[in-house]
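Reader: I am new to this structure and would like a close look at its aromatic rings. Please take me through how they pair.

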Amino acid sequence: MYYGNIKECDVADGPGVRVTLFVSGCRNCCRGCFNSDTWDFFYGQPYTEETEAELLKLLAPDYIQGFTLLGGEPFEPENQREVVKLLAKIRETYPEKDIWCYSGYLMDSDMAPGGKVYTEVTEELLSYIDVLVDGRFVEEEKDLTLMFRGSRNQRVLRLENGKAVEELYR
């Protein structure tokens with residue numbers, strides 16, 4: 001897996017101050033995407049054990065509320081196996097911090113068994129996520145007044161044990 005960027009103090013991609021990882025690789029290629037460089041699976045730098053150690057160190061301060069994962073596309077099958085290990089480590093090391101994830105894929109179809117990005121680790125991956133923002137960015141539905149998403153079709157889902165329990169910021 002490759003990644004395009006790490007933000008040490010992000011206040012745009014979830015509540016509070018967050019550490020954010022932008023993974024590389026995305027097949028959605030949404031028109032108007034703010035981060036189209038990361039569509040390329042080999043954009044940026046290789047994700048390594050040193051990258052993981054850096055992320056864990058950045059999450060340590062008390063003022064960091066949580067971790068956000070976006071891209072590119074974290075749920076591309078090529079990314080899921082590495083991402084699930086990272087989220088497991090974050091959950092183990094910092095159980096009090098929340099984990100947000102952005103995906104252009106839909107939880108109830110694309111990530112479900114038989115869905116286009118479902119893998120043997122998808123359910124475990126979802127189990128570590130507290131809030132999932134799902135759905136492709138649709139330029140015609142772009143709305144700058146929305147909280148934590150770019151277009152009206154996207155959902156902000158609170159998850160418990162990998163299942164959506166509430167839609168937030170409607």
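Author:
**Aromatic ring pairs**

In this predicted model, ring pairs join Trp100, Phe148 and Tyr169 into a cluster. Counted by a rule that pairs rings whose centres lie within 6.5 Å, the aromatic pairs number 3.

One of them brings together Tyr2 and Phe42, whose ring centres are 5.3 Å apart; because their planes stand at 80°, and over 60 degrees counts as edge-to-face, this pair is edge-to-face. Tyr2 belongs to strand S1 (residues 2–10), while Phe42 sits in the loop between strand S2 (17–23) and strand S3 (45–46), so that the pair links distant parts of the chain, 40 residues apart. As for their surroundings, Tyr2 is partly exposed, with a relative accessible area of 25%, whereas Phe42, at 60% relative accessibility, counts as exposed because the cut-off for that word is over 50%.

Returning to the cluster, the rings of Trp100 and Phe148 have centres 5.1 Å apart and planes at 70°, and therefore this pair too is edge-to-face. It also links distant parts of the chain, for Trp100 is in strand S5 (residues 98–103) and Phe148 is in the loop between strand S6 (131–134) and strand S7 (155–160), 48 residues apart. Trp100 has 3% relative accessibility and Phe148 has 15%; buried means under 20%, so both residues count as buried.

A charged side chain also meets a ring in this model: Lys97 lies over the face of Tyr94, at 5.7 Å from the ring centre.

Key:
Residues numbered from 1 in each chain as written. Heavy atoms only, no water. Phe/Tyr/Trp six-rings, centres within 6.5 Å; stacked < 30°, edge-to-face > 60°. Helix = DSSP H or I, 4+ residues; strand = E, 2+ residues; numbered from the N terminus. Buried < 20%, exposed > 50% of the residue type's maximum accessible area, 1.4 Å probe, protein only. Lys NZ or Arg CZ within 6 Å of the ring centre and 35° of its normal.
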